[in-house]
Amino acid sequence: MYRATAFVVFGILFQFIGARALAQVEPIFSAPKELAKAKFAAANASIPKLMEVKLAAARSQYDARQSEFLAGRGSLDILLEASQDLLAAELEAYNNASAAFERRLDRNSAIESKNRERLQNGRIPFKEWMQSKDHSLDAEIQWLQSRGKKASSPLAAVDVAVPMDFLESKEFARAKFEASLADPKVLAEPKLEAGQFAYIGRYYEFLAGRGTLDVMLKTSQAWLQDELALSADNNQRIAALEREWESAWMTDWANDVRYQAGRILIQDLLQSRYNRLLAQIRLIQATAGMMSSVPLQGGTWFSFDCAARISYGVPFDLKRLAKAKIEALQGDIQRLIREKLIAIRGQYEAREQEFQQGRGTLDILLEASGNLLDAQREANEDETTILREYWERSVLIEVVNKRRYAAHTIAIQEYMQAVHARASAEIEWLRASRRLKEGGR
């Protein structure tokens, strides 16, 4: 059965994390002793052992989140991310084993199948099925591209929580057979369509003041990657980046209006600001070196959809968009990089404070921490220093969630997600610091 490795998983985790309760320790995020202890342990840590912890945490998190999903609870977005985290952990631990791609295909196919059934029964909106279909097609393309690559280590002992009734079904057997014969290039078109529908559905939800900003922005990024993958030339690539910038600009503009009206928090405004600056930098970089007459498309679906925005009570003016686009293309990249770093740092600090108070979403906090690391890298800050800071943030988050799990205020998947994040950050930091020592610098 798919829970056969539960004892092995928790044996590995608690060997390196510690199993004793910490419900009676210092106030949350006032953890200098824990951080000092973690630094001492990290100085002598074995990267292969940390990889085992990371894999065990990813596996446990996915198992718990899938059980939650099958029971009709949890977040689809976080479940799909957990599947991707498990893939990455397996690839790292097993040296690019092609079986890991197949296992992700099995997981994502099961999710997509369940969501298709729920859509037919009227239990979920169309956009949720499209999102799961997009990820399923992505897993299928990755698996097809990896076939023929010999795995250096078998994964037969890795028991991932894919329901047996699905694995033994005729539907799965037929889908797996058809997938084995598919052409990755042919699958790219339906994947693009699924990503587009997933984003547009969530975008309209955002206009109506519902949904989750983070999920909408992620689906927009996924759609962009699908567009770029199918771009035949630089003009098509620029058109895709222009569409993404338009969406990001409109989201940031709407959030600015809502923030001024006291309807959203500063972290949500800064998240959309970071996303808009990221899109602007990408667009400028794509058009760098071109003549002054940059061949922008102008009329994307977004530009023509102003009537829908007005129906949702979002005032809009195409002239405002056109003016903003001209100004965006004239922006100084170094200034924008600094502004982006300020935005993401402010977002992380606000979300960290929210987390200390027992509110917010762990997934969004960890994403903000990762985006802060990326922004620091783009600003050319010292690599070893920013990786240490990234690791320290993840340690403190894990400490808090360890206490909360011991006090039964959060579920195991929340704790395992924090463990996975800390182990990942620790591996990165140790590799960078040890390379620095070996280089004699």
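**Helices, rings and loops in a predicted model**

Across the protein chain of this predicted model, pLDDT averages 83, and 78% of the residues score at least 70. Two stretches fall well short of that. Over residues 150-159 pLDDT stays under 50, and the model has 25 contacts beyond four places in sequence for this stretch. Residues 291-295 also stay under 50, and here the model has 3 such contacts beyond four places in sequence.

Two of the helices can be checked for length. Helix α12, residues 266-287, runs for 22 residues, and its first and last C-alpha atoms lie 32 Å apart, close to the 32 Å expected at 1.5 Å a residue. As for its surroundings, 17 of the 22 residues of α12 are buried, so the helix is largely enclosed by the rest of the structure. Helix α15 has 12 residues (318-329), and at 1.5 Å a residue these should span 16 Å; the end C-alpha atoms sit 17 Å apart, which agrees.

Helix α15 also has two recognisable faces. Leu321, Ala324, Lys325 and Ala328 are its buried residues to note. They take up an arc of only 105 degrees around the axis, so they fall on the same side of α15. Turned away from that buried side is a face carrying the exposed residues Lys319, Lys323 and Ile326. A lysine thus turns up in both sets, with Lys325 buried and Lys319 and Lys323 exposed.

Helix α10, residues 213-229, holds tryptophan 223, and aspartate 226 belongs to α10 as well. Tryptophan 223 has a relative accessible area of 3%, so it is buried. Its C-alpha atom is separated by 6.5 Å from that of leucine 192, although the two residues are 31 apart along the chain. Aspartate 226 is likewise a buried residue, because its relative accessibility comes to 7%. What does the side chain of aspartate 226 meet in a polar contact? The partner is the side chain of lysine 191, at 2.5 Å. Setting aside residues up to four places away in sequence, aspartate 226 touches Asp134, Lys191, Leu192 and Gly195. Leucine 192 therefore comes up for both α10 residues: its C-alpha atom is 6.5 Å from that of tryptophan 223, and it is among the residues that aspartate 226 touches, while both tryptophan 223 and aspartate 226 are buried because each has a relative accessibility under 20%.

Now to the rings. The structure holds 9 aromatic pairs. In one of them, the ring centres of phenylalanine 126 and tryptophan 129 are 6.0 Å apart with their planes at 70 degrees, so this pair is edge-to-face. Both residues lie in helix α6 (residues 126-146), 3 residues apart, which is about one turn of the helix. Their exposure is not alike: phenylalanine 126 is partly exposed at 39% relative accessibility, whereas tryptophan 129 is buried with a relative accessible area of 15%. Tyrosine 203 and tyrosine 204 make another aromatic pair, this one tilted, at 5.6 Å centre to centre and 45 degrees between the planes. Tyrosine 203 is buried, at 0% relative accessibility, while tyrosine 204 is partly exposed at 23%. These two tyrosines belong to a cluster in which ring pairs link Tyr199, Tyr203, Tyr204 and Trp223. The cluster leads back to α10, the helix in which tryptophan 223 lies.

Further along the chain, isoleucine 386 is found in helix α18. Its relative accessible area is 1%, which means that it is buried. The C-alpha atoms of isoleucine 386 and leucine 373 are separated by 6.6 Å, with their positions 13 residues apart along the chain. Neighbours within four places in sequence aside, isoleucine 386 is in contact with Leu373, Gln376, Arg377 and Glu381.

Which loops hold asparagine 380 and histidine 408? Asparagine 380 sits in the loop between α17 (362-378) and α18 (383-406), and histidine 408 in the loop between α18 and α19 (412-438). Asparagine 380 has a phi near 65 degrees, a positive value in a residue other than glycine. Histidine 408, also not a glycine, has a positive phi of about 65 degrees. Asparagine 380 is exposed, with a relative accessible area of 67%, and histidine 408 counts as exposed at 73% relative accessibility.

Notes
Residues numbered from 1 in each chain as written. Predicted model: local features only at pLDDT ≥ 70, side-chain atom pairs only at ≥ 80, totals over all residues. Heavy atoms only, no water. pLDDT = per-residue confidence, 0-100. Contact = heavy atoms within 4.5 Å. Helix = DSSP H or I, 4+ residues; strand = E, 2+ residues; numbered from the N terminus. Expected span 1.5 Å × (residues − 1). Buried < 20%, exposed > 50% of the residue type's maximum accessible area, 1.4 Å probe, protein only. Arc of directions from axis to C-beta. Polar contact = N/O pair within 3.5 Å; in protein donor to acceptor, adjacent residues only side chain to side chain. Phe/Tyr/Trp six-rings, centres within 6.5 Å; stacked < 30°, edge-to-face > 60°.
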